[in-house]
Amino acid sequence: MTIAIHPVPADPVDHLLEIGLKDLWYPICPSHFIKENPISLRRLGRKIALWRDGEGVLHALEDRCPHRGAPLSQGVVLGDRLSCPYHGVEVRHDGVVTRVPGSPGCKLEGSRATRHFHVQERAGAVFLYNSKEPVDVPPPLVLPEQLTDEAEYSNFLCYTEWKGDYRYVLDNVMDPMHGTYLHKQSHSMAEGDSSAKFGVRPTDIGFVLEIPYPKTGGPGGNFIIIGAFSPMANGMTATFFWRARKLAPGWERDTWRFLYKNRLEARHWHVLEQDRVMLEEMEADANQHENLYQHDLGIVRLRRHMRNLAQAQLAEPAAATA
């Protein structure tokens, strides 16, 4: 007797969320990652080649030569073009093949045969627009004022890479109560009440989680942590945390920056290490065995918001052909 076994199809919504929602800007690496030579990164379900031209302008292409699929990131920088190391095919920053040395005048020359990506450098990081389809002009990259208003705010970028689904990292930052326990010896909330209530405030570009912070953090306004996370390959997460404070240029800003680098930064890395260990030890299907309660409201809202976005994106092709 023959038994046919049919694999269970993956949930398309979950798959889209796993590799990253489309038509959004994502930070993919710190700016200092890209120097004289091209680099290759696996982000958002893609392999991407990044390089700088002679003016220092950053460019990004799919890291695959349209000729035979060799990695363009292993090639030579020719200004705004990459020359493939395998057969010398030259691909411009917009994905157009400008030269095929082995077959001049062939149909590959002049064709836009490689996917290109829009990238911008802001706040010490490289942001990539993860468009569903290639676009000539992406929407503006909108960042919180704490990362753009240099006259009012000062910030530091903390970057690291963690094992595990980036959605667990998102859940972690939307879970204020874990700080009272996991970070009880190092977190600013260590002196807080374990039954304290925290505010979750939605905005046009995300959520603001309001957590009390002690005055021992130095001069300036509220201590602000801005997080952004991008899926890498093999379930890894590119993790970005900006630490910001509202301080006009002058002695107070200088004092806070000195205090941060010499006292606070080590404490914050210690907190991040506690989070990393906890998240990396969680099972991949941990979210299938949960019993949530009141303090998980931020997690519930964020998950619902992301699933709604994914469902809307998956429905777009059907709506367009209806």
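Guide: Two strands pair if DSSP finds at least two bridges between them; strands (E, at least two residues) and helices (H or I, at least four) are DSSP runs, numbered from the N terminus. What you see here is a predicted model: local features need pLDDT of at least 70, side-chain atom pairs count only at pLDDT 80 or more, and totals for chains, interfaces and linings use all residues. Residues are numbered from 1 along each chain as its sequence is written, and side-chain values use heavy atoms, with hydrogens and water left out.

Visitor: Over how many bridges do β3 and β4 pair?

Guide: Look for β3 at residues 46-52 and β4 at residues 58-62. They run antiparallel, and R52 stands opposite L58 in β4. The number of bridges in this pairing is 5.

Visitor: Which strands are at the edges of the sheet?

Guide: Four strands make an open, antiparallel sheet, in the order β2-β3-β4-β9. An edge strand pairs on one side only, and that fits β2 (39-43) and β9 (116-117).

Visitor: Is A49 buried or exposed?

Guide: A49 is found in strand β3. Its relative accessible area is 0%. The cut-offs, with a 1.4 Å probe and protein chains only, are under 20% for buried, over 50% for exposed, and partly exposed in between. So A49 is buried.

Visitor: How far apart are the C-alpha atoms of A49 and D63?

Guide: D63 sits in the loop between β4 and β5 (76-78). Beyond its neighbours within four places in sequence, D63 is in contact (heavy atoms within 4.5 Å) with several residues, including A49. Along the chain the two are 14 residues apart, yet their C-alpha atoms are separated by just 4.7 Å.

Visitor: Which side chains make polar contacts with the side chain of D63?

Guide: D63 counts as buried because its relative accessibility is 4%. A polar contact is a pair of N or O atoms within 3.5 Å; within protein, one must be able to donate a hydrogen and the other to accept it, and residues adjacent in sequence count only if both atoms are side-chain atoms. At 2.7 Å there's the side chain of S40, and also at 2.7 Å that of S73.

Visitor: Why are the buried residues of α1 on the same side?

Guide: In helix α1 (residues 12-19), the buried ones are V13, L16 and L17. They're on the same side because the arc they cover around the axis, taken from the directions to the C-beta atoms, is only 95°.

Visitor: What phi does G20 take?

Guide: At the start of α1, a side-chain oxygen of D11 reaches to within 3.0 Å of the backbone nitrogen of V13. G20 comes just after the helix, and its phi is positive, about 110°.
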